[in-house]
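Please open the model below in your viewer and keep the selection box at hand. Each stop of this tour says what to select and what is there.

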Amino acid sequence: MLSLSLRRRQGDFHMDVAFEAGSGITALYGRSGSGKTSVVNMVAGLSRPDSGRIVVDGKVLFDRDAGIDLPPEKRRLGYVFQEHRLFPHLSVEGNLVFGRNRVPPKDRRIDFDQVVEVLGIGHLLDRRPALLSGGEKQRVAIGRALLASPQILLMDEPLASLDGARKAELLPFIAALAQKFKLPILYVSHAMDEVLRLADTLVLMDGGRAAAVGPLEQLMSDPALRPLTGRYEAGAVIAATVASHDSAYGVTRLSFAGGTLVVSQAEMPVGAQVRVRIHARDIAIAIDPPERVSIRNVLPAVVTSVTAADSFLVDVVLSAGGAQLWGQITALAQAQLGLKPGMRVHALIKALTIARGDVAGRDRGSRQE
Ligand SMILES: Nc1ncnc2c1ncn2[C@@H]1O[C@H](COP(=O)(O)OP(=O)(O)OP(=O)(O)O)[C@@H](O)[C@H]1O
């Protein structure tokens with residue numbers, strides 16, 4: 001568990017950040033200049049806060065009042081940067097061994113062979129970094145950081161320098177790390193597709209502050225946070241499990257807290273954990289249960305909040321069995337329906353509007369997308 005509370009003035013910019021990050025992947029998300037890298041650098045010991053405290057798993061890394069400020073090499077952190085920073089004169093194996101040798105044998109808790117296997121780099125061990133693709137280099141850099149048996153892994157835009165295909169190749173490896181090595185990860189990104197795929201917890205950074213911290217599904221489905229999440233299209237994100245495939249009709253059924261969702265057939269095994277993005281504009285709301293309607297997803301729900309987004313649109317947050325859905329209807333529709341918190345309604349979602357890219361695999365046990 002990472003717990004931090006930090007203040008630092010850098011030029012005109014004031015950082016004043018506090019949050020806690022538990023197990024799994026915690027994403028620091030925010031626009032350029034919001035302070036994401038500054039947080040990671042302070043945790044790593046690469047820059048010094050003016051005041052505050054940083055604790056990882058009960059170990060105090062920095063405490064201004066107590067006069068504690070461990071140097072980077074004593075912090076037991078792994079750091080993966082945007083660019084790989086591998087040693088060019090060493091082979092892949094040499095780079096990995098370098099990482100492992102940074103810690104005395106008694107403190108090594110991450111197995112060399114397992115790292116090689118999880119990252120799929122066994123066939124590259126003899127090669128020099130210059131002969132690797134961008135994605136392969138980054139996998140080796142991750143392996144080197146892991147083998148130093150860190151208490152937490154810091155990843156600062158590790159995919160930013162890769163093209164779309166390499167990025168897609170690396171995402172499942174990163175998703176597998178936190179679980180396979182029981183290692184919390186602090187992951188900096190300004191790319192929402194990465195964050196959706198990876199993050200358990202989201203820290204929304206804004207102007208040097210952690211403006212909101214919480215489970216990703218909750219923060220993404222909150223219209224009030226739209227100024228921070230909203231460069232991305234409005235909508236909810238729900239956690240679900242692949243329940244069945246129906247090849248005859250080309251559909252997949254996903255089960256989630258609020259019932260079953262039918263989507264176009266997904267290439268994922270039954271039982272896989274997924275995250276589904278449902279765009280606010282694709283939710284229609286009916287007060288009475290609709291009959292003989294083409295829409296397959298009709299979910300009973302309760303209205304949680306109704307807020308005008310602008311003069312034309314109204315945001316309606318719904319709870320479907322505890323899962324939060326976010327719909328947008330016109331102000332005209334709201335004038336006729338008169339939705340209020342507590343009302344029982346039916347959320348209608350066209351299966352067609354949930355595109356393949358909206359269903360992201362979360363099955364960290366496999367390397368499948
Ligand atoms: N050493 C420094 N001295 C003065 N100002 C700095 C220093 N380092 C960063 N800043 C400023 O602090 C602010 C936060 O920078 P930071 O790099 O943490 O943002 P970021 O959210 O990681 O941005 P990006 O997504 O562009 O990498 C910026 O306004 C930046 O110009």
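**Stop 1: a residue in a helix**

Begin by selecting Q334, which sits in helix α9 (residues 331–337). This is a predicted model. Is Q334 buried, exposed or partly exposed? Within 10 Å of Q334 there are 16 other C-beta atoms, so Q334 is partly exposed. A residue counts as buried from 20 such atoms upwards and as exposed at 12 or fewer. Now add V306, V314, I329 and L339 to the selection; Q334 touches these, leaving aside residues up to four places away in sequence. For a distance check, select D358 as well. D358 and Q334 lie 24 residues apart in sequence, and from C-alpha to C-alpha they are 27 Å apart in space.

**Stop 2: the two domains**

Next, colour the chain by domain. The domain assignment gives domain 1 as 2–229 and domain 2 as 235–354. Their centres, taken over C-alpha atoms, are separated by 34 Å. Where they touch, seven residues of domain 1 are in contact with eleven residues of domain 2. Which helix gives the most to the domain 1 side? Select α7 (residues 216–220), which gives four residues to the side of domain 1 that touches domain 2. By class, this side of domain 1 has four nonpolar residues, two polar and one charged.

**Stop 3: a hairpin**

Select residues 251–256 and 259–264, which are strands β13 and β14. These strands run antiparallel and are joined by six bridges. Together β13 and β14 form a hairpin, with two residues between them. To see one position across the pair, pick R253 and look for V262 in β14, which stands opposite.

**Stop 4: an open sheet**

Go to the start of the chain and select β1 (residues 2–10) together with β2, which pair in the antiparallel sense over nine bridges. One of the partners to show is R9, whose bridge partner in β2 is H14. Then widen the view to the whole sheet: it is open, has five strands and follows the order β2-β1-β4-β5-β6, with antiparallel pairing. Which strands stand at the edges? They are β2 (13–21) and β6 (68–69); each has a single partner strand, so one side of each has no neighbour in the sheet.

**Stop 5: around the ligand**

Select the ligand and show what surrounds it: Q10, G11, F13, G30, S32, G33, S34, G35, K36, T37, S38 and H190. Sorted by class, this shell has one nonpolar residue, ten polar and one charged. Helix α1 (residues 36–44) provides the largest share of the shell, with three residues.

**Stop 6: a strand covered on both faces**

Select β7, and look at L77 and Y79 on one side, then at G78 and V80 on the other. All four are buried, and both faces of β7 are covered. In a regular strand, side chains alternate between the two faces of the sheet. Add β8 to the view: β7 and β8 run parallel and are joined by four bridges. Y79 has L154 in β8 as its bridge partner.

**Stop 7: an enclosed helix**

Select α4 (residues 134–147), a helix of 14 residues. From its first C-alpha to its last, α4 reaches 20 Å, close to the 20 Å expected at 1.5 Å a residue. Why is α4 described as largely enclosed by the rest of the structure? The reason is that twelve of its 14 residues are buried. Among them are V140, A141, I142, L146 and L147, along with E136, K137 and R139. To see what covers the buried residues of α4, show elements including β7 (77–80), α2 (92–101), α3 (112–119), β8 (152–156) and α5 (164–180).

**Stop 8: two residues with positive phi**

Move on to S149, in the loop between α4 and β8. S149 is not a glycine, yet has a positive phi of about 45°. S149 counts as buried because it has 20 C-beta neighbours inside 10 Å. The last selection is E157, in the loop between β8 and α5. E157 also is not a glycine and takes a positive phi, of about 50°. With 19 other C-beta atoms within 10 Å, E157 is partly exposed.

Note on methods: Residues are numbered from 1 along each chain as its sequence is written. This is a predicted model: local features need pLDDT of at least 70, side-chain atom pairs count only at pLDDT 80 or more; totals for chains, interfaces and linings use all residues. A residue is near a molecule or strand if its C-beta atom, placed from the backbone, lies within 6 Å of it. Ala, Val, Leu, Ile, Met, Phe, Trp, Tyr, Cys and Pro count as nonpolar, Asp, Glu, Lys and Arg as charged, and the others, Gly among them, as polar. The expected span of a helix is 1.5 Å times one less than its number of residues. Two residues are in contact if their C-beta atoms, placed from the backbone, lie within 7 Å. Two strands pair if DSSP finds at least two bridges between them. Domain bounds come from an automatic or database domain assignment.
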